[in-house]
Amino acid sequence: MKKIALTSLLTVFAVSGAHAANVIDGNPLYMPKAGHFYSVTSVESHTKWTGGQETPWMLGEDFGYGISDKLAVEISTSATENDNFDYMSWDDVDLGLTFRALDAGSFKLDVLGAYGVGNVWPDHAPFLKKELTDYMWMAGLRAGFTTGNFTLAGTAAYLYANAESFNWADKGMHYLAFGLDAQFVIDNNWNLVASAAYTGVVNDKWAWDDVEGGDVKNAGTWHGEFGVNYNIDTTKFVGVYVSGDMNHQGGTNHDEWKSEDGFGFGAKFGIDF
């Protein structure tokens with residue numbers, strides 16, 4: 001079983017969220033209308049990187065299409081560079097579906113599904129190298145409540161990861177993920193967004209072979225984010241964000257909660273067309 005990155009799973013979890021509003025402004029429940037495309041481009045970095053190289057920059061793209069007013073398909077991908085472009089990596093490709101199962105006024109309920117490939121093209125390694133590539137499946141639900149000024153959505157999902165797409169016989173990694181997203185609209189131009197998500201391992205022990213000090217039980221990650229969005233118009237927005245993580249991999253035995261040093265930051269540009 002190869003190393004499975006929780007950050008990649010969190011990406012699948014976030015990108016494949018339900019959508020309920022039709023105006024693209026950073027709302028966590030946004031959904032494109034039937035026949036509409038959308039694109040959200042993001043650039044991210046970190047104030048303190050401990051990966052052994054200079055602080056990386058990540059470029060991400062989420063692209064989706066409204067098949068109908070109740071069904072949307074989305075694809076996302078990301079790439080990382082650092083050391084002045086000496087290190088380049090195509091990190092993941094994720095395909096997701098969102099189906100609006102309930103639309104009762106301000107209340108929404110969506111069914112989520114996604115398939116993802118991690119470590120698509122790592123630096124100095126062949127494309128889709130078998131020993132490095134991870135495959136992930138996700139299924140979940142999201143319930144949301146939205147008004148003219150406030151939106152709140154909660155998501156629960158199950159994720160499975162393994163060395164091959166359909167390698168069900170071999171013991172893979174099982175995860176449960178929970179998230180809460182909120183948006184507060186200040187006026188026609190400005191809004192605030194915040195989110196918190198937890199992804200935890202269901203297996204009895206952590207399966208990373210290179211975890212120093214032994215296996216990590218109940219491994220998991222908390223990811224929090226806060227952002228400010230500016231609506232250029234009803235079809236375009238820009239936003240800036242800060243984020244932080246807490247991992248259950250700290251301490252002498254790598255079995256304690258530890259906050260990540262520094263914080264992440266980034267910007268997004270979204271358009272509906």
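**Strands, cores and salt bridges in a predicted model**

Asn119 is found in strand E5, which covers residues 107-121. The model is a predicted one, and Asn119 makes a handy place to start looking around. The phi angle of Asn119 is near 55 degrees, a positive value in a residue other than glycine. As for its surroundings, Asn119 is partly exposed, because its relative accessible area of 29% falls between the 20% limit for buried residues and the 50% limit for exposed ones. Asn119 also turns up among the residues touched by Asp91.

Asp91 itself sits in strand E4. With residues up to four places away in sequence left out, Asp91 touches Met58, Ser78, Ala79 and Thr80, and also Val117, Gly118, Asn119 and Val120. With Thr80 there is something extra: the side chains of Asp91 and Thr80 make a polar contact at 2.4 Å.

Next come the charged pairs. Side chains of opposite charge can pair when their charged atoms come close. In this model, the count comes to 5 salt bridges. One of them joins Arg100 to Asp110, with the closest N and O atoms 3.1 Å apart. This pair ties together distant parts of the chain, since Arg100 belongs to strand E4 (residues 87-104) and Asp110 to strand E5, 10 residues apart. Both Arg100 and Asp110 are buried.

A second bridge runs between Asp103 and Lys108, and here the closest N and O atoms are 2.4 Å apart. What about the cover over these two? Asp103 has 42% relative accessibility, so Asp103 counts as partly exposed. Lys108 has 10%, so Lys108 counts as buried. The two bridges don't stand alone, either: Arg100, Asp103, Lys108 and Asp110 are linked in a network of salt bridges.

Another salt bridge brings together the side chains of Asp181 and Arg142, at 3.4 Å from N to O. Again the pair links distant parts of the chain, with Asp181 in strand E8 and Arg142 in strand E6, 39 residues apart. Asp181 counts as buried because its relative accessibility is 17%, and Arg142 is buried too, with a relative accessible area of 5%.

Strand E6 is also home to Thr146. Is Thr146 buried or exposed? At 16% relative accessibility, Thr146 counts as buried. The side chain of Thr146 makes a polar contact with the side chain of Thr151, at 2.9 Å. Setting aside neighbours within four places in sequence, the residues in contact with Thr146 are Asn27, Leu29, Ser106, Lys108 and Thr151. Lys108 is already familiar as the salt-bridge partner of Asp103.

Now for the nonpolar side of things, starting on the inside. The largest nonpolar core has 12 residues. Its members are Leu112, Ala114, Met136, Met138, Ala157, Leu159, Ala161, Met173, Tyr175, Ala177, Val201 and Ala219. Two or more of these residues come from each of E5, strand E6 (134-146), E7 and E8. Another core, of 7 residues, lies apart from this one, and includes Ile24, Tyr30, Phe237 and Tyr241.

Nonpolar residues also show up on the outside. Phe150, Leu152, Leu180, Phe184, Ile186, Trp190, Tyr230, Ile232, Val238 and Phe269 form a nonpolar patch on the surface, and together they have about 850 Å² of accessible area. Which strands feed into the patch with at least two residues each? They are strand E7 (150-162), strand E8 (173-185) and strand E10 (220-233). Leu180, one of the patch residues, lies in strand E8. With a relative accessible area of 46%, Leu180 is partly exposed. Strand E8, then, supplies residues to the surface patch as well as to the largest core.

Last on the tour is Trp257, found in strand E12 (residues 256-259). Trp257 is partly exposed, with a relative accessible area of 40%. In sequence, Trp257 and Asn247 are 10 residues apart, while in space their C-alpha atoms are 5.5 Å apart. Asn247 is one of the residues that Trp257 touches, along with Tyr198, Gly220, Thr221, Trp222, Met246 and His248, when residues up to four places away in sequence are not counted.

Conventions. Residues numbered from 1 in each chain as written. Predicted model: local features only at pLDDT ≥ 70, side-chain atom pairs only at ≥ 80, totals over all residues. Heavy atoms only, no water. Patch = residues over 30% accessible without salt bridge, like charges linked within 9 Å, V, L, I, M, F, W, Y side chains within 5 Å. Areas by Shrake-Rupley, 256 points an atom, 1.4 Å probe, with all protein chains shown as cover. Salt bridge = Lys/Arg side-chain N within 4 Å of Asp/Glu carboxyl O. Helix = DSSP H or I, 4+ residues; strand = E, 2+ residues; numbered from the N terminus. Buried < 20%, exposed > 50% of the residue type's maximum accessible area, 1.4 Å probe, protein only. Core = buried A, V, L, I, M, F, W, Y, C linked by side-chain atoms within 4.5 Å. Polar contact = N/O pair within 3.5 Å; in protein donor to acceptor, adjacent residues only side chain to side chain. Contact = heavy atoms within 4.5 Å.
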